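Hi everyone, thanks for coming. Let me put today's chain up on the screen, and then I'll talk you through it.

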Amino acid sequence: MKRKVICLLGCLALLGIFTALGVLAGSLTGAPAGDVDLMIYAQRYSFDPPIIRLNKGDRVSINLVTRDVTHGFFLEGYDIDAKIRPGDSSDDSVLLIRHPSKHDDFQEVDRIIFTAERTGKFRFRCSQTCGYMHPFMQGEMIVSPNYELWGGIGLVTGVAVSAMAFFVFMGTPGSRGGAKLVAERSPLPNEPQREAKGPEK
Ligand SMILES: [Cu+2]
């Protein structure tokens with residue numbers, strides 16, 4: 001009985017350890033890549049939505065739309081500076097992008113595309129002077145590691161390992177019976193040979 005309790009506690013500890021390892025793996029490696037399609041509206045003096053939530057590794061495609069004048073979209077930490085010029089209709093608007101660290105010129109694109117490789121909080125702000133409140137036009141992108149997925153993988157592994165450990169330490173009724181049968185039967189094939197050899201000599 002005492003052995004059973006110790007064994008159960010051991011299995012619980014294993015479960016905890018594997019779940020924790022899973023969460024740790026999540027914080028170090030991040031989530032599997034997913035495709036995220038976003039529409040961001042820019043207008044004086046805010047972005048809609050103001051907060052973007054992503055998982056690490058997400059392949060992001062942003063369609064930037066302006067509701068009034070030309071606005072910028074400078075994403076800190078990701079080397080992205082985009083701007084959207086309004087047209088007569090939303091189809092006529094022009095989206096341009098450059099990478100500040102490369103000192104390159106703006107190039108026309110259909111979408112702002114990048115992979116969310118860095119975890120953390122990153123500010124995005126308007127980089128085109130659009131009015132007196134322009135400096136306050138900003139939002140936030142939050143890239144988090146996928147704790148749930150890796151924690152789940154850890155938990156499942158923990159269940160498997162602790163179940164194996166439980167049966168190894170406690171033994172199953174079948175395996176005990178089987179062991180006895182083998183122990184009883186194994187001498188049998190040798191016995192007749194010994195008996196046979198004995199009288200010959
Ligand atoms: Cu602005």
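I'll start with the overall picture, then go through the sheets, the core and a few odd spots in the backbone.

Before anything else: this is a predicted model, so local features need pLDDT of at least 70, side-chain atom pairs count only at pLDDT 80 or more, and totals for chains, interfaces and linings use all residues. When I say a residue number, counting starts from 1 along each chain as its sequence is written.

How confident is the predictor? pLDDT is its confidence in each residue, from 0 to 100. The mean pLDDT of this chain is 80, and 74% of its residues reach 70 or more. Residues 177–184 have pLDDT below 50, and this stretch has 0 contacts in the model beyond near neighbours in sequence. Residues 194–198 are also below 50, again with 0 contacts beyond near neighbours. By "contact" I mean that the C-beta atoms of two residues, placed from the backbone, lie within 7 Å.

Okay, the general layout. The chain comes to 4 helices and 11 strands. Those are DSSP runs, numbered from the N terminus: helices are H or I with at least four residues, strands are E with at least two. Among contacts with a separation of 6 or more, 66% are between residues 24 or more positions apart.

Now the sheets. Two strands pair if DSSP finds at least two bridges between them. One open sheet has 4 strands in the order β2-β1-β4-β9, with mixed pairing. Which strands are at its edges? They are β2 (46–48) and β9 (112–115), and each has a single partner strand, so one side of each is left without a neighbour in the sheet. Neighbouring strands here are turned by 30° against each other on average, direction ignored. Those angles come from axes, which are lines fitted to C-alpha atoms, for helices over the stretch in contact; angles run from 0 to 180 degrees between N-to-C directions.

Let's zoom in on β4. It runs parallel to β1, joined by 8 bridges, and Y41 stands opposite V65 in β4. With β9, strand β4 (residues 59–66) runs antiparallel, over 4 bridges. On that side I62 has I112 as its bridge partner, and V60 stands opposite F114.

The side chains of β4 alternate: V60, I62, L64 and T66 point to one face and are buried, while R59, S61, N63 and V65 point to the other and are not. "Buried" means 20 or more other C-beta atoms within 10 Å of the residue's own; "exposed" means 12 or fewer, and "partly exposed" is in between, with C-beta atoms placed from the backbone. Of the 201 residues of the chain, 21% count as buried.

The other open sheet I want to show has 7 strands, in the order β3-β11-β10-β5-β6-β7-β8, also with mixed pairing. Its edge strands are β3 and β8 (107–109), each pairing on one side only. The twist averages 25° from one strand to the next. Inside this sheet, β10 (residues 120–125) and β11 pair in the antiparallel sense over 6 bridges, with F122 opposite M141.

On to the core. A nonpolar core is a set of buried Ala, Val, Leu, Ile, Met, Phe, Trp, Tyr and Cys residues joined through C-beta atoms within 7 Å. The largest one here has 21 residues, and those with the most contacts inside it include L64, F73, I112 and M141. The largest share, 3 residues, comes from β4. Take L64: leaving aside its neighbours within four places in sequence, it touches I40, A42, F73, A82, I84, L95 and I112.

What about F47, over in strand β2? F47 is buried, because 21 other C-beta atoms lie within 10 Å. F47 and F73 are 26 residues apart in sequence and 9.3 Å apart in space, C-alpha to C-alpha.

Last, the odd spots. Most residues other than glycine have a negative phi, and most peptide bonds are trans. Here, a cis bond joins R44 and Y45, with omega about -5°, and another cis bond joins D48 and P49, with omega about 5°. D79, in the loop between β5 and β6, has a positive phi of about 55°. H103 has a positive phi near 55°, and its place is in the loop between β7 and β8. Is H103 buried or exposed? H103 is exposed, with 7 other C-beta atoms within 10 Å.

Conventions:
pLDDT = per-residue confidence, 0-100.
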